[in-house]
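Hello,

Here is the structure I said I would pass on. My notes on what turned up in it follow below.

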Amino acid sequence: MKRVKIKAKGRIFEGVALPSDDNKLVLKLDSGYNAGFYDYEILEEKEVEMHEFVPERFESRENLGTIKVISTGGTIASKVDYKTGAVTSQFSAEEIVADIPELLEIANIDAELLYNILSENMKPDYWVKLARRVHEAVRDGYDGVVVTHGTDTMHYSASALAFMLRTPVPVVFVGAQRSSDRPSSDAAMNMICSAHAALSDLGEVTIVMHGTTADEFCYIHRGVKARKNHTSRRDAFESVNYSPLGKVFPDGRIDWIAERFRRNERELELYDKFEEKVALIKYYPGLGPEILEFFHDRGYRGFVIEGTGLGHVSTDWVETVKRVAEDSVIVMTSQCLWGRVCDRVYDTGRYLLKAGVIEGEDMLPETALIKLMWLLGNFDVEDARMLVRENIVGEINPMLGYEDLTI
């Protein structure tokens with residue numbers, strides 16, 4: 001590769017030339033930022049030697065705990081393809097860890113690559129394979145497991161593992177909003193905080209991501225109560241209808257905030273079946289009930305509806321809901337996200353309850369979807385109707401109200 005000094009826009013720029021198309025010059029500046037130029041004058045250029053990165057073998061130390069890092073891809077494992085400008089998943093798990101040497105001062109790291117995908121390509125059978133691999137790692141005696149994952153669907157995957165896996169040790173999902181080769185990347189701090197969380201006294205599936213836009217601390221979110229609520233901010237993840245479990249700082253300090261499952265509180269168990277024919281339907285004014293019949297006729301027996309407000313759809317849905325609910329499970333959630341479904345306030349809600357709708361309490365729609373997929377994969381419809389109402393892994397708050405639990 002070449003190091004180039006140019007004159008452009010009346011200024012001098014210097015950096016390493018990166019691959020690019022369309023007669024554009026892209027420089028990796030010494031500041032770490034990239035800049036593209038079409039109109040420029042080359043003042044100086046010279047060849048620079050680039051060494052191929054070879055991950056080193058991690059040496060174990062007896063005074064440190066041991067963490068299994070399982071990479072599934074996503075932005076935290078990505079870098080910019082400078083020819084296209086797109087972010088692509090390219091780093092291996094070993095490279096992620098070796099790129100953050102602070103991790104090796106926190107724990108012994110055993111890293112492996114399970115998938116190398118962007119999270120929109122995640123599928124239920126991938127969740128099952130991931131859950132089985134995490135189960136193996138916990139059974140083999142690792143002190144904690146960190147799963148690197150793309151942020152867009154991370155809350156789905158975290159919910160899936162929370163239902164499939166009863167874990168006595170921390171299982172921490174972590175991602176990044178900005179790729180590791182960007183100066184503003186959140187990857188390093190998120191990984192460092194996730195390693196500390198993986199050695200803590202947690203005993204459940206969590207998500208660890210930036211708590212603010214600055215590099216101050218990360219929140220530890222319960223996997224079934226968290227959601228990505230911003231497209232690009234570094235603090236995109238929030239706990240909804242529950243407080244974050246705690247704050248974890250890069251120096252390892254953890255300030256606990258909410259009740260949580262503790263290390264070794266539960267025995268290791270795996271329930272790894274999923275029913276994929278479950279639909280998540282977002283209601284909007286004018287949407288007809290035939291969408292229920294469309295899925296029902298194709299063998300779907302599970303439905304989660306994102307209703308309006310307290311959990312409503314149009315009254316012209318009631319008769320269709322009644323027919324479909326005879327052999328199916330229909331759960332009502334709210335597209336408001338915050339708050340609790342209550343279909344006993346207005347007439348429409350009461351008609352829906354009588355027709356067979358089950359209130360989703362304060363569950364996120366995505367969590368309710370995952371829960372119902374898991375229930376119908378492991379139980380019959382009658383049992384699923386009963387169990388969907390129960391708080392299994394912290395997905396439903398008691399009736400005291402979430403306001404008492406938020407910070």
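**A buried cysteine pair**

Cys218 has 0% relative accessibility and therefore counts as buried. Please keep in mind throughout that this is a predicted model. Cys193 is likewise at 0% relative accessibility, so Cys193 counts as buried as well. The sulfur of Cys193 has its closest cysteine sulfur in Cys218, at 3.6 Å, which is too far for a bond. A disulfide is a covalent bond between the sulfur atoms of two cysteines. The cut-off applied here is 2.5 Å between the sulfur atoms, and with that rule the count of disulfides is zero. Seen from the other side, Cys218 is in no disulfide, and the nearest cysteine sulfur to it is that of Cys193, 3.6 Å away.

**Strand β21 and its neighbours**

Strand β21 covers residues 302-307, and six of its six residues are buried. In a regular strand the side chains alternate between the two faces of the sheet. In β21, Gly302, Val304 and Glu306 point one way, while Phe303, Ile305 and Gly307 point the other way; all are buried.

β21 has a parallel partner in strand β20 (residues 278-282), to which five bridges join it. In this pairing Val278 is opposite Gly302 of β21. Between β20 and β21 the chain passes through helix α6 (residues 290-297), and the resulting β-α-β crossover is right-handed.

Strand β22 (residues 329-334) also pairs with β21 in the parallel sense, over six bridges. Here Val304 has Val331 of β22 as its bridge partner. The connection from β21 to β22 goes through helix α7 (residues 318-324), and this β-α-β crossover is right-handed.

**Strand β12**

Strand β12 spans residues 171-174. Val171 and Phe173 point to one side of β12, Val172 and Val174 to the other, and all are buried. β12 runs parallel to strand β10 (residues 144-148), with four bridges joining the two; in this pair, Thr148 is opposite Val174. Four bridges also join β12 to strand β13 (residues 205-210), again running parallel. Val171 of β12 has Val205 of β13 as its bridge partner.

**Cavities**

How many cavities of 30 Å³ or more does the structure hold? There are three of them. The largest cavity contains about 60 Å³ of space. Its lining is made up of Ala162, Leu165, Glu204, Val205, Arg222, Gly223, Val224, Phe261, Arg266 and Val393. Sorted by class, this lining has six nonpolar residues, three charged residues and one polar residue. Val205 thus appears twice in these notes: in the lining of the largest cavity and as the bridge partner of Val171.

**Glu267**

Where does Glu267 lie? Glu267 is in the loop between β18 (254-256) and β19 (269-270). With a relative accessible area of 65%, Glu267 is exposed, because the cut-off for that class is over 50%. The C-alpha atom of Glu267 is separated by 9.9 Å from that of Leu165, a residue 102 positions away along the chain. Leu165 is one of the residues lining the largest cavity.

Regards

Note on methods. Residues numbered from 1 in each chain as written. Predicted model: local features only at pLDDT ≥ 70, side-chain atom pairs only at ≥ 80, totals over all residues. Heavy atoms only, no water. 1 Å grid on protein atoms, 1.4 Å probe; cavity = no way out; pocket = protein on both sides within 12 Å on 5 of 7 lines; lining within 4 Å. Points joined across faces, edges and corners; volume = space filled by probe spheres on them. Nonpolar A, V, L, I, M, F, W, Y, C, P; charged D, E, K, R; others polar. Buried < 20%, exposed > 50% of the residue type's maximum accessible area, 1.4 Å probe, protein only. Pairing = 2+ DSSP bridges. Right-handed = clockwise from strand over helix to strand, strands pointing away.
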